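Colleague: I would like a close look at a single part of this protein, written for someone in the first year of study. Please begin with one pair of facing residues and work outwards from there.

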Amino acid sequence: MTELGRTTSPAPVLPHDSEPTDRPPALRLSGLGKRFGEKLAVDGLDLEVPRGSFYGFVGPNGAGKTTTLSMATGLLRPDHGRAEVGGVDVWARPLQAKRSMGVLADGVMLFNRLSGEQLVTYAGLLRGMDRETVAERTADLLRVLGLIEAAGQLVADYSAGMTKKIALASAMIHAPELLVLDEPFEAVDPVSARTIRGLLDSYVASGGTVILSSHVMDLVQRMCSHVGIIAEGRLLVSGTVEEVRDGGDLESRFVELIGLEGGHEELSWLRL
Ligand SMILES: Nc1ncnc2c1ncn2[C@@H]1O[C@H](COP(=O)(O)OP(=O)(O)OP(=O)(O)O)[C@@H](O)[C@H]1O
């Protein structure tokens, strides 16, 4: 499949060995589409994320990752198509669907006049959890994510990485079956990134499902069991990381599928 970004045929969805046949997948998107004026951001996208998988969703800037994940999680209404979480239609039965997922959205405003501790507590109470459990889990999350000292500080005064971590804590507090994380490692320092990876690894090992978007191919290759590559609003390929990288590394496969925009062009005026 060369020049996949320009084909109109559906993406090859490779078989998943681990996929049980009797239960619906953790996430299923069918014919999902969204247009912003002239711009077709997501173009009839089909995607299945198997239960218990660690799914990396990758693509170049402007490929449609955030738009897709927003439609999948009930944040942005699709023009057409369906999004199902564990077999539940996200747009027909939003309350039921949202109960089983935790979402770290990109660019969505947090209640940043709350302290970090208040924000995570609020997220737990909003999920109908009892105060005692919320307090215990909030303390655990703040400790594990290295935010104890900043617990009483307003989220408005957090750094970008701290904001990401507190938003992640808010997405996880109700121990959902599915975590949808848009760029969870962006702006996060390497130590915290390692902690978050550990948390997500054990969450997946215990039966949870993660779908995350990222630009860091190396991280996706090391962390994820499955990967999907999107460009121009279409899914180019989806399968296990092993299947998709096909003996090479994921970054080379990505570049091979997407093409090198601008190549290795030099700017003559930037030579000193
Ligand atoms: N609210 C909006 N109004 C107009 N155009 C939009 C809007 N949101 C997204 N787009 C356009 O839709 C396309 C897909 O954007 P999207 O944010 O989904 O891409 P992405 O893959 O998440 O990109 P990145 O990797 O840069 O975050 C882009 O061309 C973008 O300009």
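Modeller: In this predicted model, Val85 stands opposite Val88 in strand β5. That pair belongs to the place where strand β4, residues 80–85, is joined to β5 by 2 bridges, with the two strands running antiparallel. Stepping back from this pairing, one finds an open sheet of 4 strands, which follow one another in the order β2-β1-β4-β5 and pair in antiparallel fashion. The edges of this sheet are taken by β2 (39–49) and β5 (88–89), and because each of them has a single partner strand, one side of each is left without a neighbour in the sheet. As a general point, the strands of a sheet pair through backbone hydrogen bonds, and they may do so either parallel or antiparallel.

A helix accompanies these strands: α1, residues 65–72, packs on the sheet and touches β1 (27–36), β2 and β4, and its direction makes about 120° with that of β1. Helix α1 also lies across β3 (54–58), β7 (178–182), β8 (209–213) and β9, where it runs at about 150° to β7.

Those strands lead us to another open sheet, in which 6 strands are arranged in the order β6-β7-β8-β3-β9-β10 with mixed pairing. Its edge strands are β6 (101–104) and β10 (234–240), each of which pairs on one side only, and from one strand to the next the twist averages 15°. Within this sheet, β9 (residues 226–231) and β10 run antiparallel and are joined by 6 bridges; to take one residue, Gly228 has Ser238 in β10 as its bridge partner.

It helps to place these parts in the whole chain, which is divided into domain 1, made of 24–100 together with 177–254, and domain 2, covering 110–175. The centres of the two domains, taken over C-alpha atoms, are separated by 24 Å, and where the domains meet, 10 residues of domain 1 are in contact with 10 residues of domain 2. On the domain 1 side of that meeting, helix α6 (residues 190–205) gives the most, with 4 residues, and by class this side has 6 nonpolar, 2 polar and 2 charged residues.

The UniProt record, an unreviewed entry, carries the annotation "domain: ABC transporter" for residues 27–257. In the model, this span is 38% helix and 26% strand, and its end C-alpha atoms lie 24 Å apart.

How far the details may be read is a matter of the predictor's confidence. The chain averages a pLDDT of 90, and 91% of the residues score at least 70. Over residues 1–10, however, the pLDDT is below 50, and this stretch has 8 contacts in the model beyond near neighbours in sequence. The pLDDT also stays under 50 over residues 15–20, for which the model has 6 contacts beyond four places in sequence. Where pLDDT is low, the predicted coordinates should not be read in detail. For the complex, the predictor gives an ipTM of 0.98 and a pTM of 0.89.

Definitions and conventions:
Residues numbered from 1 in each chain as written. Predicted model: local features only at pLDDT ≥ 70, side-chain atom pairs only at ≥ 80, totals over all residues. Domains from an automatic or database assignment. Contact = placed C-beta atoms within 7 Å. Nonpolar A, V, L, I, M, F, W, Y, C, P; charged D, E, K, R; others polar. Pairing = 2+ DSSP bridges. Axes fitted to C-alpha atoms, helices over the stretch in contact; angles between N-to-C directions. pLDDT = per-residue confidence, 0-100. UniProt positions renumbered as here; feature names shortened; annotations may be inferred.
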